[in-house]
Amino acid sequence: MEEARKIKLEIAGASYTVTTTEQEGYVRDLAAEITDDINSLSARNPALSMNDALVLCAISYLSEYKKESANSDHIRSQLKEYLGDTARARMEVDEANRRADRLERELNELKKRNGV
């Protein structure tokens, strides 16, 4: 397990120290993205307070997360169905092969009996 480390960040002019096991570059990229989103909101609405901008960002991120989570659940469900379909098809193929083998043996027996 990776050891947690403290990373000092600046987000929209405010300093934060986070403790994380994530790579520092990744965390800094997140902070930069949040800063960009806050700055974009503030540019569109200069009267927006920092807290309001943070709350709007949080709502946007949570909404996106929930949609992606639901999409992931749907994809997992589809994969389970496909795996089930594949397993059923494989069993049907195996059964058909066994039947074909049996019929071939029967045909060969009949040919031997009839001298063909």
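In which helix is Ser42 found? Ser42 belongs to helix H1, which covers residues 24-44. The model is a predicted one, and the description below follows its chain from the hairpin through the core to the long numbering range of helix H2, residues 50-114. Ser42 itself counts as partly exposed, because its relative accessibility is 27%. Its C-alpha atom is separated by 25 Å from that of Lys67, a residue 25 places away along the chain.

The hairpin comes before H1 in the numbering. Strand E1, residues 5-11, and strand E2, residues 14-20, run antiparallel and are joined by seven bridges. One of the pairings links Ile11 to Ala14, its bridge partner in E2. Two residues lie between the strands of this hairpin. Ala12 is found in that loop between E1 and E2, and its phi is positive, at about 50°, although Ala12 is not a glycine. Is Ala12 buried or exposed? Ala12 counts as buried because its relative accessibility is 19%, and the cut-off for that class is under 20%.

Thr20 is also part of the hairpin, being found in strand E2. Thr20 counts as buried because its relative accessible area is 14%. A polar atom of the Thr20 side chain lies 2.9 Å from the backbone nitrogen of Glu22. When residues up to four places away in sequence are not counted, Thr20 touches Glu3, Ala4, Arg5, Ile7 and Val27. One of these contacts, Ile7, belongs to the largest nonpolar core, and so does Val27.

That core is the next feature to consider. In soluble globular proteins, nonpolar side chains tend to be buried together. Here the largest nonpolar core has 11 residues in all: Ile7, Leu9, Ile11, Ala12, Val27, Ala31, Ile38, Leu41, Leu48, Ala53 and Cys57. At least two residues of this core are supplied by each of E1, H1 and helix H2. H1 provides the largest share, with four residues. The loop residue Ala12, described above for its positive phi, is also a member of the core.

Which residues does Cys57 contact, leaving aside neighbours within four places in sequence? Cys57 is in contact with Asp37, Ile38 and Leu41. Ile38 and Leu41 are, like Cys57, listed in the core. Cys57 is also one of the buried residues of H2, together with Ala53 and Gly84. H1 is included in what covers these buried residues.

The length of H2 can be checked against its number of residues. At 1.5 Å a residue, its 65 residues should span 96 Å, and the end C-alpha atoms are 94 Å apart, so the two values agree. After H2 comes Gly115, whose phi is positive, near 70°.

Charged side chains pair along both helices. The whole structure contains six salt bridges, and three of them are described here, beginning with H1. The side chains of Arg28 and Glu24 meet in a salt bridge, with an N to O distance of 2.9 Å. Both residues lie in H1, four residues apart, which is about one turn of the helix. Arg28 counts as partly exposed because its relative accessibility is 36%, and Glu24 counts as partly exposed because its relative accessibility is 36%.

In H2, Asp85 and Arg88 form a salt bridge through their side chains, with 2.3 Å from N to O. The two are three residues apart in H2, so they are separated by about one helical turn. Asp85 is partly exposed, at 39% relative accessibility, and Arg88 is partly exposed, at 46%. Further along, Arg98 forms a salt bridge with Glu95, and the closest N and O atoms are 3.0 Å apart. Why are Arg98 and Glu95 separated by about one helical turn? Arg98 and Glu95 are three residues apart in helix H2, so about one helical turn lies between them. Glu95 counts as partly exposed because its relative accessibility is 42%.

How values were computed. Residues are numbered from 1 along each chain as its sequence is written. This is a predicted model: local features need pLDDT of at least 70, side-chain atom pairs count only at pLDDT 80 or more; totals for chains, interfaces and linings use all residues. Side-chain values use heavy atoms; hydrogens and water are left out. Buried means under 20% relative accessible area, exposed over 50%, partly exposed in between (1.4 Å probe, protein chains only). Two strands pair if DSSP finds at least two bridges between them. A nonpolar core is a set of buried Ala, Val, Leu, Ile, Met, Phe, Trp, Tyr and Cys residues joined through side-chain atoms within 4.5 Å. Contact means heavy atoms within 4.5 Å. A salt bridge is a side-chain nitrogen of Lys or Arg within 4 Å of a carboxyl oxygen of Asp or Glu. The expected span of a helix is 1.5 Å times one less than its number of residues. A polar contact is a pair of N or O atoms within 3.5 Å; within protein, one must be able to donate a hydrogen and the other to accept it, and residues adjacent in sequence count only if both atoms are side-chain atoms.
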